[in-house]
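Notebook open, coffee at hand. I want to look up the overall build of this protein and then follow one helix into its surroundings.

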Amino acid sequence: MSDRKPKNIFSQGAIPAIFIAESIQKHSSQTAIGGHSIFLGQVRADETDKGKVRAIDFTAFEDMAIEKMHLIREDIFAKYPLTCMHVHHSLGEVKSGEICLFVFTSSAHRKAAMDACNETVERLKAELPIWGREVMEDNSHQWKVNN
């Protein structure tokens, strides 16, 4: 294990585009990086039997999710030659069209960055204790099924 400490991946509400842009810009001084891979998860306005989704209200077992994300991060760093990885997930209500997940990996070469980003997204979706409650246009709600 490395000496990296678990990082809080959560923030309230949607992830602003300016935050994403500033995160990218901060890496311009790291000239050994040759490739970044970014995944942005956006809330869809799905049509369900209960109506159209207007938002998702995210909840989590935060401490458990942060610790599990740290273990995933360590696994990914052991498997791929990454320079860095950043993961941000929304809590609370995020409206359709807004960003709720931002995964950002960097490496000397694009393939490692892309593969690591993809695996990180798949693992966090499958392994982290995070739930989304779909909020319909009429304010009724139902638990979202991950797919």
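I began with size: for 147 residues a compact globule would have a radius of gyration near 15 Å, and the protein has 16 Å, which agrees. That radius is taken over C-alpha atoms, and the globule rule is 2.2 Å times the number of residues to the power 0.38. The C-alpha trace spans about 50 × 30 × 25 Å along its principal axes.

A note on provenance: this is a predicted model, where local features need pLDDT of at least 70, side-chain atom pairs count only at pLDDT 80 or more, and totals for chains, interfaces and linings use all residues. Residues are numbered from 1 along each chain as its sequence is written, and side-chain values use heavy atoms, with hydrogens and water left out.

Next, the fold. I found three helices and eight strands, in the order β-α-β-β-β-α-β-β-α-β-β from the N terminus. Helices (H or I, at least four residues) and strands (E, at least two) are DSSP runs, numbered from the N terminus.

Then burial: 43% of the 147 residues count as buried, meaning under 20% relative accessible area with a 1.4 Å probe, protein chains only.

Which helix did I follow? I chose α3, residues 110–127. Its 18 residues reach 25 Å from first C-alpha to last, close to the 26 Å expected at 1.5 Å a residue; the expected span is 1.5 Å times one less than the number of residues. Among its buried residues I noted A112, A116, E119 and R123. The buried residues of α3 pack against β2 (35–42), α2 (62–79), β5 (82–95) and β6 (99–107), with contact meaning heavy atoms within 4.5 Å.

Methods. Buried means under 20% relative accessible area, exposed over 50%, partly exposed in between (1.4 Å probe, protein chains only).
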